[in-house]
Amino acid sequence: LALPILAWFATRKRVVVLLLLCAGIAATFSVIGPLTGNMDLAADPFRTLATYMASSFSVGMVTAHLKAKWPSWPVLRHPGWIALAGLVLAVLLLKHTGINHLESPLLAPIFVLIVYGNDFGGLLTSRPITYLGTISYSVYLLHGIVLFAASKLASQWVNFTAISPMAYWSFVCGEGVLVILVASLSYYALERPFIGKRRSP
């Protein structure tokens, strides 16, 4: 929902203003923290931003530069790379605690393979996955809102700390279906009518 506001900063001069604004906010926290005795408040904005940028945005940035420098890398389309993807996913599933900010770097090889056209044995070109790709922008924007609202509403009747894993994951699957339905409605009602339209001269 902040994207329309952030779009105003999408020029070289304005982005400097945005960076200065962010730096000012972070500096304010660093001053308020010692004054209030809350040193975590002083340290968190800098540490959180730096860690997030390093572990998340850098993966996309590096991949974009690789794709720009080497537009085609046929060897990465070989089905043999599926084993690497499976190994990475196994590590993430088995070592689900203690990884934290390393999740994005660990997923980077899979991301690179997808960018270079590896469809993982046709999985990524199947109709269900293709449809998810079509509505992915709406999913990206709305999933957090839908998940929060559904969980908040359900918490009035369900104690999530006491239910069984099977019941919990059943609820999560239901939330996933709800996200897809809301995103589909958003795509067909809001996105699709504007796709292909051009600005008038």
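Leaving aside neighbours within four places in sequence, which residues is Asn-118 in contact with? I opened my notebook with that one, keeping in mind that the model is predicted.

**Entry 1: the fold around it.** I started with the whole chain. I counted 8 helices and 0 strands in the protein chain, so the order from the N terminus reads simply α-α-α-α-α-α-α-α. I then looked up how the contacts spread along the sequence: of those between residues at least 6 apart, 58% join residues at least 24 apart.

**Entry 2: surface.** I noted an accessible surface of about 15,000 Å² for the protein chain, with 72% of that belonging to carbon and sulfur atoms. Of the 201 residues, 16% are buried.

**Entry 3: placing Asn-118.** I found Asn-118 in the loop between α5 (103–115) and α6 (127–134). Is Asn-118 buried or exposed? I read 3% relative accessibility for Asn-118, and because buried means under 20%, this loop residue counts as buried.

**Entry 4: its contacts.** Back to my opening question. Outside that four-place window, I listed Leu-76, Arg-77, His-78, Trp-81, Leu-113 and Leu-124 as the residues in contact with Asn-118.

**Entry 5: polar partners.** Which backbone oxygen does the side chain of Asn-118 reach at 2.8 Å? I traced that one to Leu-76. I also found the backbone oxygen of His-78 at 3.2 Å from a polar atom of the Asn-118 side chain.

**Entry 6: my summary.** I have Asn-118 down as a buried residue in the α5–α6 loop, with its side chain reaching backbone oxygens of Leu-76 and His-78.

Definitions and conventions. Residues numbered from 1 in each chain as written. Predicted model: local features only at pLDDT ≥ 70, side-chain atom pairs only at ≥ 80, totals over all residues. Heavy atoms only, no water. Helix = DSSP H or I, 4+ residues; strand = E, 2+ residues; numbered from the N terminus. Buried < 20%, exposed > 50% of the residue type's maximum accessible area, 1.4 Å probe, protein only. Contact = heavy atoms within 4.5 Å. Areas by Shrake-Rupley, 256 points an atom, 1.4 Å probe, with all protein chains shown as cover. Polar contact = N/O pair within 3.5 Å; in protein donor to acceptor, adjacent residues only side chain to side chain.
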